[in-house]
Amino acid sequence: MTGVDVIIAALAAGAAAGSTDVAKSAISDAYIELKSQLRRRLNGRARAQEALEAAETEPDQWQTIVGDDLAESGADADEQVISTARRLLRLAESDEARASRYRVSADNAKGVQVGDHNTQTNTFS
């Protein structure tokens with residue numbers, strides 16, 4: 001995954017926010033920090049700045065616009081930017097894992113257990 005790919009994935013994950021209040025806060029803070037770092041890097045690139053702001057509203061359109069500018073500005077090689085993007089991705093991935101961990105569809109099922117370390121004992125007579 002290139003630096004541009006990491007940054008774009010992190011921006012997309014940050015725009016989606018978290019599923020719990022704590023996760024939303026942590027993800028939001030990292031997302032704001034990443035966008036702030038990118039604004040500095042993209043200074044003087046009006047089209048990229050506008051695309052960065054549109055990331056939350058037009059996810060399909062901004063990625064191609066901002067991708068080239070991220071590489072040209074050096075943001076894709078900036079360790080601070082990449083570190084923040086990776087942290088944001090970790091937060092978003094762990095939140096998504098927690099949120100979807102027990103999504104279970106057990107329509108018409110019998111004897112189903114959901115969760116960790118469960119024990120089921122059946123006694124037939």
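Which residue's side chain meets that of R45 in a salt bridge with an N to O distance of 3.3 Å? The partner is E72, and this contact is a good way into the predicted model shown above. The protein is built from five helices and zero strands, and several of its charged pairs join parts that lie well separated in sequence, as the points below set out for R45 with E72 and for R87 with E33.

**Overall architecture**

- Reading along the sequence gives the pattern α-α-α-α-α, in keeping with a count of five helices and zero strands.
- The protein has 125 residues, and 33% of them are buried.
- Among contacts with a separation of 6 or more, 65% are between residues 24 or more positions apart.
- The exposed area of the protein is about 8,100 Å², with carbon and sulfur atoms supplying 46% of it.

**Salt bridges at a glance**

- The count of salt bridges comes to four.
- Among them are R87 with E33, R45 with D69 and R45 with E72.

**The R45 network**

- R45 pairs with D69, and their closest N and O atoms are 3.1 Å apart.
- This pair links distant parts of the chain, since R45 sits in the loop between helix 2 and helix 3 (46-54) while D69 belongs to helix 4 (residues 59-73), 24 residues apart.
- R45 also meets E72 through a salt bridge of 3.3 Å, N to O.
- Because R45 lies in the loop between helix 2 and helix 3 and E72 in helix 4, their pairing ties together parts that are 27 residues apart in sequence.
- Through shared partners, the salt bridges join R45, D69 and E72 into one network.
- Burial varies across these three residues: D69 is buried, at 14% relative accessible area, R45 is partly exposed at 25%, and E72 is exposed at 55%.
- The cut-off for buried is under 20% relative accessible area, so D69, at 14%, falls within it.

**The R87–E33 bridge**

- R87 and E33 form a salt bridge in which the closest N and O atoms are 2.6 Å apart.
- R87 is in helix 5 (residues 79-100) and E33 is in helix 2 (residues 21-41), so this pair ties together parts that are 54 residues apart in sequence.
- R87 is partly exposed, with a relative accessible area of 31%.
- E33 likewise counts as partly exposed, at 31% relative accessibility.

Note on methods: Residues numbered from 1 in each chain as written. Predicted model: local features only at pLDDT ≥ 70, side-chain atom pairs only at ≥ 80, totals over all residues. Heavy atoms only, no water. Helix = DSSP H or I, 4+ residues; strand = E, 2+ residues; numbered from the N terminus. Buried < 20%, exposed > 50% of the residue type's maximum accessible area, 1.4 Å probe, protein only. Contact = heavy atoms within 4.5 Å. Areas by Shrake-Rupley, 256 points an atom, 1.4 Å probe, with all protein chains shown as cover.
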